[in-house]
Amino acid sequence: MSHPQSHPGSPTTSVAVTGLDYAWPDGTAVFDGLQVAFGPGRTGLIGSNGSGKSTLLKLIAGELRPADGTVRVAGEVGHLPQNVTLDTALRVDEVLGVAAARAALHAIEAGDVAEEHFTAVGDDWDVEERTVATLAQLGLDHIGLDRTAGELSGGESVLLRLAALLLRRPDVLLLDEPTNNLDRYARRRLHAAVESWPGVLIVVSHDRELLDLVDQIADLRGGEVTRYGGNFSAYEEALAVEQEAAERMVRVAESDLKRQRRELTDAHVKLARRRRYAQKMYDTKREPRAVMKLRSRSAQVSAGKHRIMHEEKLAEAKERLDEAVEAVRDDDEIRIDLPFTAVPPGRCVLTLRSLALPYGAGVRGEFELRGPERVALVGRNGAGKTTLLRTIAGELAPVAGEVITHVPLRFLPQRLDVLDEGSTVAENVARFAPEATVNRVRARLARFLFKGARADQPVATLSGGERFRATLAALMLAEPAPQLLMLDEPTNNLDMASVRQLTSALESYEGALIVASHDLPFLESIGVTRWLELGAEAEPGRKE
């Protein structure tokens with residue numbers, strides 16, 4: 001692994017990955033001879049869950065070492081990982097890496113002219129102003145440099161880590177799902193920072209709005225990267241054309257395979273006829289024996305060549321079909337039929353009365369959820385969305401007021417910690433539905449794309465998208481059937497295909513929904529009927 005300061009290869013190449021091999025701890029290959037380069041500009045790195053996107057960023061950042069191959073980076077790398085964890089005891093200026101320079105500057109301003117203070121400041125005399133300006137750029141100007149990280153919300157922690165990177169001004173900036181846990185306001189701030197980034201930026205994200213700000217899309221699939229010029233919308237258009245052509249090639253290859261099989265069958269029939277004719281000539285001795293033998297050998301050689309030619313053509317046709325099928329993407333959708341989750345229109349599902357929650361959040365007056373309504377729970381980071389969902393689920397007790405649930409409910413938390421890591425997918429689902437037979441569990445799991453051996457995978461080995469599907473299956477297949485389903489930021493860490501699968505699953509769900517999310521396109525796609533905004537003066541029903 002090397003990170004030289006000079007540009008390798010092309011002068012426009014900032015990151016060069018050559019012959020890269022990497023495997024998971026269990027020996028499963030992630031990359032086998034990967035070749036890819038990233039130049040100046042903004043690149044959106046996409047791919048299915050488990051394809052290796054986060055791993056590739058860590059390899060570029062030098063946090064992982066490849067088994068073979070090289071990663072060359074021109075300049076300094078800044079990496080914002082998917083799961084941001086901060087030492088809660090650190091002050092904000094320590095997280096930002098400016099504490100020493102700031103303290104030295106204050107000492108000099110107070111009259112202490114010790115040489116070590118000037119060394120600490122260096123040329124960065126405007127460090128405090130620059131830091132405050134960077135925080136303001138991300139909407140964090142209210143937090144103050146002397147506060148501790150433990151006082152910040154999850155979204156603020158993400159933005160603070162990003163601010164630390166922006167202050168370092170790295171040559172290459174790597175962002176892994178940076179909009180997770182960010183409210184709409186914070187997302188807009190991050191979008192603006194990405195849009196104005198002057199250097200090399202590689203971002204892994206499922207956020208369509210963010211991906212529409214990039215200059216190119218790099219699609220990681222099957223251990224290889226395919227580039228598409230333009231933003232995500234342009235990528236989708238190009239992919240649609242590509243997939244249409246691929247499906248057309250499958251139809252052509254299938255037709256050719258049928259023709260080759262037909263011709264091989266015809267060749268066998270012709271060969272059999274020739275053999276019968278030759279045998280008849282031999283039996284009736286209509287020609288000299290030497291002539292018949294010569295003709296027989298010649299016919300056998302000719303027929304053998306003919307058969308071999310058709311068999312080769314058939315093998316080639318099969319190979320072309322396999323290649324054509326490989327080019328068509330497998331975008332299976334979750335299809336479920338859960339009649340016992342249906343809620344009649346008008347039936348009261350949930351009642352909240354003058355609810356006061358821990359940490360100061362709450363719902364004023366009375367709120368009722370009736371029938372198969374779909375409520376979007378929105379609000380700024382720290383407004384209390386997760387707290388409200390946990391209180392409704394019975395995990396937290398309200399400070400005051402009342403929560404009355406009138407139907408069976410299930411809660412899907414952000415952490416996806418509902419399942420037993422050591423058990424298989426099928427065993428976990430069976431735990432939620434103890435009366436269901438093994439065949440019934442497996443038949444239902446197949447509709448969540450866990451077919452055959454996939455249902456026997458231990459949860460600990462699942463990718464992010466698979467884990468989400470397994471958790472969703474366990475909750476939706478639980479007994480009694482949930483007629484109220486609550487989801488907390490369900491699209492976090494999901495790739496685009498998984499988001500589509502979730503949307504299709506929720507389309508067929510006939511119960512009531514409460515979904516806390518900052519992903520506006522997703523909320524609109526699942527047919528939200530009401531909006532409940534926490535931490536706002538507006539009445540419920542106003543869009544965030």
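This report describes a predicted model, taking the main sheet, a buried histidine, a hairpin, a buried leucine and the aromatic residues in turn.

**The sheet and its helices**

An open sheet is built from 6 strands with mixed pairing, and their order across the sheet is E5-E6-E7-E3-E8-E9. E5 and strand E9 (224-229) are the edge strands; each has a single partner strand, so one side of each has no neighbour in the sheet. On average, and with direction ignored, neighbouring strands of this sheet are turned by 20 degrees against each other.

Within the sheet, strand E6 (residues 172-176) runs parallel to strand E7 (residues 200-204), and 5 bridges join the two. Val172 has Val200 in E7 opposite it.

Two helices lie across parts of this sheet. Helix H1 (residues 53-61) lies across strand E3 (41-46), E5, E6, E7 and strand E8 (216-221), and its direction makes an angle of about 150 degrees with E6. Helix H6 (residues 154-168) lies across E5 and E6, running at about 175 degrees to E5.

**His79 in the edge strand**

Strand E5 (residues 77-80) contains His79. Is His79 buried or exposed? His79 counts as buried because its relative accessibility is 7%, which is under the 20% limit for that class. The side chain of His79 makes a polar contact of 2.8 Å with the side chain of Glu63. When neighbours within four places in sequence are left aside, the residues in contact with His79 are Leu57, Lys58, Ala61, Glu63, Arg161, Leu165 and Leu174. Of the elements already described, H1 covers residues 53-61, H6 covers residues 154-168 and E6 covers residues 172-176.

**A hairpin**

Strand E10 (residues 348-356) and strand E11 (residues 362-370) are paired in the antiparallel sense, with 7 bridges. Leu352 has Phe367 in E11 as its bridge partner. The two strands, E10 and E11, form a hairpin with 5 residues between them. In the turn, Tyr359 has a positive phi of about 70 degrees.

**Leu105 in helix H3**

Leu105 belongs to helix H3 (residues 99-109). With a relative accessible area of 6%, Leu105 is buried. Which residues does Leu105 touch, not counting those up to four places away in sequence? Leu105 touches Val121, Trp125 and Val127. The C-alpha atoms of Leu105 and Asp126 are 9.3 Å apart in space, while the two residues are 21 residues apart in sequence.

**Aromatic residues**

There are 3 aromatic pairs in the structure. Phe232 and Tyr235 make a tilted pair, with 5.3 Å from centre to centre and 40 degrees between the planes. Both residues of that pair, Phe232 and Tyr235, lie in helix H9 (residues 232-284), 3 residues apart, or about one turn of the helix. Phe232 and Tyr235 are both buried. A cluster linked by ring pairs takes in Tyr228, Phe232 and Tyr235.

Other rings have the charged end of an arginine over them, as the table shows.

| Arginine | Ring below its charged end | Distance to ring centre |
|---|---|---|
| Arg227 | Phe38 | 5.4 Å |
| Arg469 | Phe450 | 4.8 Å |

Methods
Residues numbered from 1 in each chain as written. Predicted model: local features only at pLDDT ≥ 70, side-chain atom pairs only at ≥ 80, totals over all residues. Heavy atoms only, no water. Helix = DSSP H or I, 4+ residues; strand = E, 2+ residues; numbered from the N terminus. Buried < 20%, exposed > 50% of the residue type's maximum accessible area, 1.4 Å probe, protein only. Polar contact = N/O pair within 3.5 Å; in protein donor to acceptor, adjacent residues only side chain to side chain. Contact = heavy atoms within 4.5 Å. Phe/Tyr/Trp six-rings, centres within 6.5 Å; stacked < 30°, edge-to-face > 60°. Lys NZ or Arg CZ within 6 Å of the ring centre and 35° of its normal. Pairing = 2+ DSSP bridges. Axes fitted to C-alpha atoms, helices over the stretch in contact; angles between N-to-C directions.
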